[in-house]
Amino acid sequence: MLKTVWRQLRSPAPRETLSSLAAYERWAEQYPPHAHNALMEAEEAAMKQLYPSLVGQVVLDLACGSGRYGLIATDEGASVAIGLDNSRPMLRQNPMVLKALSTTEKIPLASASIDVVLCGLALGHLKQLDTSMVEIGRVLKTNGCALVSDFHPFIFLNGQQRTFTTADGQSFAVEHYVHLYADYHAAAYQAGLRIDAVLEPRLGQTQDVRFADSKTQQGTPIIIAYRFVKAT
Ligand SMILES: C[S@@+](CC[C@H](N)C(=O)[O-])C[C@H]1O[C@@H](n2cnc3c(N)ncnc32)[C@H](O)[C@@H]1O
């Protein structure tokens, strides 16, 4: 069956661009705690390929939203799963037991307290990666790892936007900043992290997916997922 990635990433008429906070305030009620489009399915498959066994691990779902990765961590045997997000409406949708309001830039957890950080599709909302990456590095234990996914720069440089449609049919773009591999590399280095593995799933690679517009061709990378390890 042909699935179409079009809700989040299409480029029709110009539309109002909302800040991340304003966007998730309107979007939260329709944002379930599981992959809900083909692009998220491709992203989740890449993240699952990259993360280690979570059994007995202390896991932080950073920018957890409605809790997708925190719930996966619990299902996969994490001893503790903590969710942090800066959107109250998203946290209200989130069934995780341990969750709190927090930005990625100032994580309210002790240094060296986390085994695995999972951060899905969130850092692209930030203008700068550096402060958040330093915080990720700080809370990780030595040899701990962070799995971070982002929309692939190629699709934005191709003119796509990150969009959503509200229950009453209003369509908005959401602020997104392109961070290149080099930006993640530099931010990781500064944070005492090294890039250990990277996956770039492509349009049409793992499932029969296309964009609603014709600009993004089959074979274009749509997601980039990084595994960072805290250096000793
Ligand atoms: C695309 S959603 C992804 C949610 C979840 N990680 C997932 O993969 O299902 C992005 C999330 O990042 C959160 N977010 C954006 N900027 C943030 C920041 N500076 N600090 C904490 N959370 C942030 C948003 O509120 C939203 O819940």
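Which residue stands opposite D61 in β6? In this predicted model, the bridge partner is L118. The pair offers a way into the fold, from the strands to the core and then to the ligand.

The chain has 7 helices and 12 strands. Its 232 residues include a buried share of 43%. Contacts reach far along the sequence. Among those with a separation of 6 or more, 73% join residues 24 or more positions apart.

Strand β3 (residues 58-62) pairs with two strands described here. With β4, the pairing is parallel and runs over 5 bridges. V58 has V80 of β4 as its bridge partner. With β6, the pairing is again parallel, over 3 bridges. The D61 and L118 positions face each other across β3 and β6. β6 also pairs with β7, in the parallel sense, over 5 bridges. There, I114 stands opposite L140 of β7.

Two of these strands are mostly covered. In β4 (residues 80-85), 5 of the 6 residues are buried. In β6 (residues 114-119), the count is also 5 of 6.

The largest nonpolar core holds 52 residues. V117, L118 and A146 touch the most other members. Strand β7 gives the most to this core, with 6 residues. Apart from this core lies another, of 6 residues, including Y24, M90, L91 and V174.

L118 has contacts spread along the chain. Beyond residues up to four places away in sequence, L118 touches M47, Y51, V59, D61, Y69, A73 and L147. D61, the bridge partner of L118, is thus on this list.

L147 lies in strand β7 (residues 140-151). L147 is buried because 25 C-beta neighbours lie inside 10 Å, where 20 or more are needed. With sequence neighbours within four places left aside, L147 is in contact with M47, L50, Y51, L118, A225 and R227. M47 and Y51 also appear among the contacts of L118. L147 and M47 are 100 residues apart along the chain. Their C-alpha atoms are nevertheless separated by 6.7 Å.

M47 belongs to helix α2, where the buried residues are A38, L39, A42, E43, E44, A46 and M47. The buried set thus includes the charged residues E43 and E44. Helix α2 covers residues 38-50 and has 13 residues. At 1.5 Å a residue, the helix should span 18 Å. The expected span is 1.5 Å times one less than the number of residues, so the first residue adds no step. The end C-alpha atoms are 19 Å apart, which agrees.

A second sheet can be described separately. Three strands form an open sheet in the order β2-β9-β8, with mixed pairing. Which strands stand at the edges? β2 (17-18) and β8 (163-165) do, each with a single partner strand, so one side of each is left without a neighbour in the sheet. β8 pairs with β9 (residues 171-174) in the antiparallel sense, over 3 bridges. F164 stands opposite F172 in β9.

The ligand is surrounded by 18 residues. The closest are A63, G65, S87, G120 and A122. Helices α1 (20-27) and α3 (68-75) are the elements that give two or more residues to the shell. The shell divides into 8 nonpolar, 8 polar and 2 charged residues.

A63, one of the closest residues to the ligand, has an unusual backbone angle for a residue of its type. Most residues other than glycine have a negative phi. In A63, phi is positive, near 60 degrees. A63 is found in the loop between β3 and α3. A63 counts as buried, because 25 C-beta neighbours lie inside 10 Å.

A112 also has a positive phi, of about 55 degrees, although it is not a glycine. A112 sits in the loop between β5 (98-101) and β6. Is A112 buried or exposed? A112 is exposed, because 12 other C-beta atoms lie within 10 Å, and a count of 12 or fewer is the cut-off for that class. The two alanines therefore differ in burial: A63 is buried, whereas A112 is exposed.

Key:
Residues numbered from 1 in each chain as written. Predicted model: local features only at pLDDT ≥ 70, side-chain atom pairs only at ≥ 80, totals over all residues. Near = placed C-beta within 6 Å. Helix = DSSP H or I, 4+ residues; strand = E, 2+ residues; numbered from the N terminus. Contact = placed C-beta atoms within 7 Å. Core = buried A, V, L, I, M, F, W, Y, C linked by C-beta atoms within 7 Å. Pairing = 2+ DSSP bridges.
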